[in-house]
Amino acid sequence: MPKFDAIIIGGGHNGLVCAAYLARAGRKVLVLERRERVGGAAMTEEVFPGFRFSVFSYVVSLLRPEIIRDLELPRHGLHILPLESTITPLDNGDYLGQWNDHDQNRRELARHSLRDAEAYDEFGLMLHQMARAIKPLLGMAPPDPTSLSIANLSGMAELARHFRGLGDKRFHTLHKLLTMSSADFLDEWFENEALKATKSASGIIGTMLGPRSPGTAYVLLHHYMGELDGVFRAWGFAKGGNGSVSAAIASAAQAAGAEIRCNAAVAKVLISRGRAKGVVLENGDEIRAKLVVSGADPRRTFMQLVGEKHLPDEFVESIQRFRFRGSSAKVNLALGELPDFTCLPADGINGRAHLRGAFSISPSVAYLERAYDDAKYGEISRRPYMDIVIPSMLDPAMAPPGKHVMSIFVQYAPYHVNGGWTDARREALGDAVVDTLAQYAPNVKGAILHRQVVTPADIERIVGLTEGNIFQGELSLQQMFFLRPVPAWARYRTPLAGLYQCGAGTHPGGGVMGASGRNAARAILGAP
Amino acid sequence: MNRTVVIGGGADALVVAQLLAAAGREVLVIEGGNAPEAEGWVPPQVLRALKLQGLELHWPDPWISVPLPAGGKLELWRDMARSVESIRRVSARDAERWPQFCRRVARLARFLEALYAEPPPDPLSTGFAWRARRLGGRGLEDLLRILPMPVAELLDDWFENDALKGALGGAGVLHLLQGPRSGGTAFRLLHHHVGCAPGVFRAPRSNVLELLRRLPRVELQGAAVQRVAVKAGAVAGVVLNDGRELEASMVVSSADPRRSLLEFVEPGWLDPELIRAVRHVRRRGVTARLRVQLDRSPGFGALAIAPSLDYLERAYDDAKHGGVSRQPYVEARCDERHRLDVHIQYAPHGADCSKLGDTVLAMLSEHWGDAAPREGELLSPQELAHAEGWPEGQAHHAELALDQALWMRPLPELARYRTPIAGLWMCGPAMHPGAGVAGAAGYNCAREILRR
C-alpha cells in the first residue's frame, strides 16, 4: 500500500490550497516542491540585504474568500493591507486619480470629465453584477459540453439556468464582456483617455493582446472579481509580501496534516498500465501514492512529467497548441528615497497618502497599443505599460528604515523576443522601464540602490511557468472554462487514471485565486 | 391603408418585398440612390421561398492567386486536388494538412449556414444546445474554440507557409478594423466560407439582384426616404426627399440601424437607453476600392497581395493609429472585360486616401504582366459611404464581430428584426446574418413579420 493518498507536484499557491483541502478531508498528502521554499510565483525573497520583494506576483485581490474562510488563513498569518488609490500620471503634467473613497473619487473624475464621473457609479454597479454572475462559475468544475453523461448534461442545464436567471440584459452584457475588446467596451462608458487606458490595462495583463483586441474585456472582468473582506474589486498587499500568502496556506495545510517537502524536484510521474502510481524525483527516489495531482502548468505536466507516449495523440495535439506566450516582466527596485512624481509631489499639501496606492503608466489606449505593437513583432516595448506599487509604504518591514522597495509590473516583454533573452536584453528592459518611470518621477534614477529585472525567461527558469506566462497559459476565450486547458479535460482530471491537475492552467485561471486548487480538491474528493 | 414600404434596393430589401407581396400585402420598394451589388452566397431557403430559378454563383478559379516572394504564384482552386498540388510546391507539410483543415472548417461553415437562414437562435435554449451537439464532439469543440480565436492562431496551428496564411488571413479581416492577431477574426474566416465548397474562402458573386428585380408583384420606385412618419408609436407612412408623403402601415428598412432609428424616426419615440445603444453600434469603415480598366487580361482572376500574416497585421497597425496602411492588403478581381475591382484595406473612414490609388496601382502593376491600365477610379470610405450606402464606409453596416453577431446583431433588443415602433422592421446587412449572405436577412425578417 502506498504511504500517501496524494502527491501534489509543486508547492505553488494552488498546490498548497489543494493539499490543504485534501488534508482537511483526512487524506494523507505530500507536497513536493522543487525549490528551497514553497509559494511558486507567490513568494517573498530578500533579494538585496534588508530589501524584501514579492519577486513575481505582488498584489492580492482574487484569492477566493471561501478559501480564506475555510482554511482560516488570517489565523495562519495572512494579513492584507488595502491599496487605496491608483494614480495615472498624464503627459501634460496632470494626473488622474482613482480612489477607494467614493466622494473623493467622484470629485477627481469630475475634474477630468463630468460625464465620466456620472457614468462611473453605473459602470461599477454593472461590473459588480457581472462579477456576481461569474462568481458561481469560479467554484465549479466546468461541465463538458460534448459529453452525454448525466453529470455533464445536468451541469450544462444548470449553467443555462444560471445564465437565464441573470435576465436578458445582464446576459447580453456578459456576452459583450466575453467577446469585446476592453477598449471598445470602455468606449461605450467613458470619454477620458487616461481613465479608459488605466481600466483597459486590466484587460491586457498576462495576455499577448492589445486593448483593442476582442477577448480583453473578459480579462478586465477577471481582474474585477476580487473580493477582500466582502468588498468587491478591492486590491491589497499582503503583509510580508505575497510569500506570506503562500506561507499561510502552507501553514494551514500542515496544520491539517499535509507534509511539505522542499528541494524535492519531480522528474517523472510514475505510470503503470495507464495509471499514475506516484512520482520519481530527480535524485532517483520513487514515491508512490494513490493519486498524483500536478500543480505545474499543462505543458510541463504532460510533455515533461508524464510524456507523450502515455497520452492519446489528440490530447497531446491539444496540449501542444495550448498557448502561453508570456508577455509580462517585473522590475524590482531598492530605493534610497521615495519617488517624487511631478504630477503629484509628496509635499505638505498632498501628503504621502497617494504613495500608499498604485501608479499606472497608461496615459492613453494608443500608448498601450504602441507598447503592444513593439511586442507583436518580437521587441520589448520601448515605452511599456507599468503598474507600480511601493510595498514598503504599507509594510515598513519590507525595507530598511528610511528606505523603500518598489515593485513594477511591466508589459510587454515578450517571451519570444527577437534573438532570445540575454543579459544585455534584460538590462535593456530594465533601462526602458527606469527611463519611462523617470519621465514621471525624475528623482527615481538617483534613488535606485539596487535593481532586479525579471524577464519571462527568468520566470520560466526560476518558477517553472512555461514561457513565463503568469496565468499558466493565456486567459483567452478559446482557453477558458470548458476549454481550459483542453476541451473535454477541463474537470481537473486527465486521460491518465489517478492523475489530476490543480494549477492555474485549469479553470478558472491565474491571479493568486486559489480556485483551481480548491476545485481540483473537490473534484478529487467527489470522485469515487 | 394596408401598404408596406420597403426602404432600399439591395437583395435583402427585394426578398422581404417579394415575400410580403406573396403573402398578399401591397408592397412598394423605395430604392434610393445607390446601386447595391450582390455579393455572397444565397441560401437555398431563399431560392425555394421565391421559386427563384437561374441563379449563377460565380467564383474565379483559382479563387485566389498569391504572388510568392521567389516568383510565381500560389494558386488555390475550387478543386481540392489542384490546390493541394499548388500548395505542395511551397510546403509539403501544408499540402498534406490542407484537405483535413478544409473538412474541419467546412463542417463549422455548414453549421453557420443553417443558423444564417433563420432568425437568430436563443443561445440558452435546449433546442440550440441539441443542434450544436449534432456537430459531434470534435465539431463542437472546434466551434467553441475557433469562434473567439485570432485567425492568425488558427492558421499558425495548421500551416507554415506565409503566403497561404496571408491569403486565408485576409478573409479573417475583410471589412474589419482588426488585424489577424485580434481575437474573433477566425469567426470572420468562417463567415466568408459560408456557402462555399470546402477549400474556398471567399464569397461568390451572383446574379441574384437581377433575378429579384425581374420578379413581378412589387412596385419599385427610385426615390430617397427622408423620414418615417410615426403616429402614436406606430408607423403611419414615409416622407420622401421630394416632399411626397406615402401612407403605409408597415415600413421595412434595409438602411443601417442608426439611420433607420435615429434619422428616419423623429427623436422621442424611442427609449433613450436604446438610442444610446444604437449610437454605440460599431461601424468603422476600413476599405477603399479601386476600379481599373486594363487593356488586356492581367493573367489572374483573383489576386491577393497579403504575403504574410505579419504583413496584414502591420497594415492594420497603421489603421489602428488612424492612418491609411502604408503597405495595404490588396485583393483584385478581374472580370472577362478586363475590369479590375480592387479591395484595399486598411483605409480608415476619414483618413487621407489621396495617394492610395497610386500606391496600389504600383503594387498591382508588378503582377499584371504586359497589361496597361486605361482608366482607374479610387473610392475612399467616404465615397463608398455615399455610393453604396455603407455607413462610415462599413460594408456590414454594423461591424460583424462576435459581440455584434447572431442574437447580438446589431443589438440584442433589435436582433429579431423588430423595432420598438409598431410596424417598423429592419433588414439589411446590419441584421443577422450580416453582409456576404445575399437575401438572408430579408428572408429572416419576412418570416418574423409573417409569423405574427
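**Notebook: helix contacts, chain interface, cores and loops**

**Entry 1. Helices H3 and H4 of chain A**

I looked up where H3(A) meets H4(A), and found Arg106(A), Leu109(A), Ala110(A) and His112(A) in H3(A) against Leu114(A), Asp116(A), Ala117(A) and Tyr120(A) in H4(A). Contact here requires C-beta atoms, placed from the backbone, to lie within 7 Å. Helices (H or I, at least four residues) and strands (E, at least two) are DSSP runs, numbered from the N terminus. The model is predicted: local features need pLDDT of at least 70 and side-chain atom pairs count only at pLDDT 80 or more, while totals for chains, interfaces and linings use all residues. I note that residues are numbered from 1 along each chain as its sequence is written, and that chains are lettered from A and ligands numbered from 1 in the order in which they are written.

H3(A) covers residues 102-112 and H4(A) residues 114-138; their axes come within 6 Å and cross at roughly 145°. The axes are lines fitted to C-alpha atoms, for helices over the stretch in contact, and angles run from 0 to 180 degrees between N-to-C directions. I sorted the residues of this contact by class and obtained five nonpolar, one polar and two charged. In this scheme Ala, Val, Leu, Ile, Met, Phe, Trp, Tyr, Cys and Pro are nonpolar, Asp, Glu, Lys and Arg are charged, and the others, Gly among them, are polar.

**Entry 2. Helices H1 and H16 of chain B**

I next examined H1(B), residues 11-22, and H16(B), residues 440-451, whose axes come within 7 Å and cross at roughly 35°. The crossing is right-handed, that is, the near helix is turned clockwise from the far one by less than a right angle, whereas anticlockwise would be left-handed. H1(B) contributes residues including Val15(B), Val16(B), Leu19(B) and Leu20(B), and H16(B) residues including Tyr443(B), Cys445(B), Ala446(B) and Ile449(B). The contact holds 11 nonpolar residues, one polar and one charged.

**Entry 3. Where chain B touches chain A**

I recorded 27 residues of chain B in contact with 31 residues of chain A. On the chain B side, H6 (136-146), H7 (151-158) and H13 (309-320) each supply at least two residues. Of these helices, H6(B) gives the largest share, five residues. The chain B side comprises 10 nonpolar, six polar and 11 charged residues.

**Entry 4. Nonpolar cores**

A nonpolar core is a set of buried Ala, Val, Leu, Ile, Met, Phe, Trp, Tyr and Cys residues joined through C-beta atoms within 7 Å. A residue is buried if 20 or more other C-beta atoms lie within 10 Å of its own, exposed if 12 or fewer, and partly exposed in between, with C-beta atoms placed from the backbone. The largest core has 169 residues, of which Ala19(A), Ala20(A), Ile249(A) and Val293(A) touch the most other members. H1(A), residues 13-24, gives the most to this core, with eight residues. I listed the contacts of Val293(A), not counting residues up to four places away in sequence; among them are Ile8(A), Ile9(A), Tyr500(A) and Ile524(A). Another core, of 139 residues, lies apart from the largest and includes Val173(B), Trp390(B), Met426(B) and Ala430(B).

**Entry 5. Domains of chain B**

Chain B is divided into domain 1 (3-56 + 207-282 + 399-451), domain 2 (76-199) and domain 3 (287-392); the bounds come from an automatic or database domain assignment. I found the C-alpha centres of domains 2 and 3 of chain B to be 25 Å apart. Their contact takes 16 residues from domain 2 of chain B and 13 residues from domain 3 of chain B. On the domain 2 side, H7(B) and H8(B) (162-173) each supply at least two residues, and H8(B) has the largest share, eight residues.

**Entry 6. Backbone geometry in loops**

I noted a cis peptide bond between Gln345(B) and Tyr346(B), with omega of about 10°. Tyr346(B) is in the loop between S15 (339-345) and H14 (356-365) of chain B. A cis peptide bond also joins Arg409(B) and Pro410(B), with omega of about -20°. Pro410(B) is in the loop between H15 (381-388) and S17 (424-426) of chain B.

Arg325(A), although not a glycine, has a positive phi of about 40°. Arg325(A) counts as buried because it has 21 C-beta neighbours inside 10 Å. His338(B), also a residue other than glycine, has a positive phi near 60°. His338(B) is partly exposed, with 17 other C-beta atoms within 10 Å.

Key: Contact = placed C-beta atoms within 7 Å.
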